[in-house]
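Hi,

Here is the structure I said I'd pass along. Have a look, and my notes on what turned up are underneath.

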Amino acid sequence: MSDSEFGICPYNKSHRILLYRMPGHIIKCMRNYMGPPLEICKYNATHRMPGELMEQHLEKCADYKKFHEYEYLQEALQARRSPPRAE
């Protein structure tokens, strides 16, 4: 398996988890976490970090970019399906 298939647990940096297993792992690890509260990224729930770092994260978040690309694609498709306006 390549390194791109693994992620680091936000609650315990020594945990290296397969990305497809990360959501379940985070739930388990969160129960035992005793550190400062972590905020959840609004574009990917497996991205968790202290609140003061969230703005920086959102500027670089790959899922933010994917979300907006999808949003623009949907708008473009909707515009193509709509009949032209009669003037």
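Glu39, Glu52, Glu55 and Glu59 come together as a negative patch on the surface. Keep in mind that this is a predicted model. Of those four residues, I looked a bit further at Glu39, which sits in strand 3, a strand covering residues 39-40. Its relative accessibility is 40%, so Glu39 counts as partly exposed.

Next, the charge pairing. As general background, side chains of opposite charge can pair when their charged atoms come close. How many salt bridges does the structure hold? Just one. The partners are Lys66 and Asp63, whose side chains meet at 3.9 Å, N to O. With a cut-off of 4 Å between the side-chain nitrogen and the carboxyl oxygen, that pair is counted.

Both partners belong to helix 3, which runs over residues 62-81. Lys66 and Asp63 are three residues apart there, or about one turn of the helix. Are the two of them buried or exposed? Lys66 has 53% relative accessibility and therefore counts as exposed. Asp63 has 17%, so Asp63 counts as buried. The cut-offs behind those labels are under 20% for buried and over 50% for exposed.

Helix 3 gave me two other residues to report. Phe67 is in that helix, and at 40% relative accessibility Phe67 counts as partly exposed. Its C-alpha atom is 9.8 Å from that of Asn44, with the two positions 23 residues apart along the chain counted as their separation. Leu77 is also placed in helix 3. With a relative accessibility of 28%, Leu77 is classed as partly exposed. From Leu77 to Ala62 the C-alpha distance is 23 Å, for a sequence separation of 15 residues.

Last, the annotation. An unreviewed UniProt entry carries "domain: CHHC U11-48K-type" for residues 6-33 and 38-65. Here is how those two stretches look in the model:

- Residues 6-33: 39% helix and 21% strand, with the end C-alpha atoms 21 Å apart.
- Residues 38-65: 39% helix and 14% strand, with the end C-alpha atoms 22 Å apart.

That's what I have for now. Shout if anything is unclear.

Cheers

Key
Residues numbered from 1 in each chain as written. Predicted model: local features only at pLDDT ≥ 70, side-chain atom pairs only at ≥ 80, totals over all residues. Heavy atoms only, no water. Patch = residues over 30% accessible without salt bridge, like charges linked within 9 Å, V, L, I, M, F, W, Y side chains within 5 Å. Areas by Shrake-Rupley, 256 points an atom, 1.4 Å probe, with all protein chains shown as cover. Lys, Arg positive; Asp, Glu negative; His and termini not counted. Charge placed at Lys NZ, Arg CZ, Asp CG, Glu CD. Helix = DSSP H or I, 4+ residues; strand = E, 2+ residues; numbered from the N terminus. Buried < 20%, exposed > 50% of the residue type's maximum accessible area, 1.4 Å probe, protein only. UniProt positions renumbered as here; feature names shortened; annotations may be inferred.
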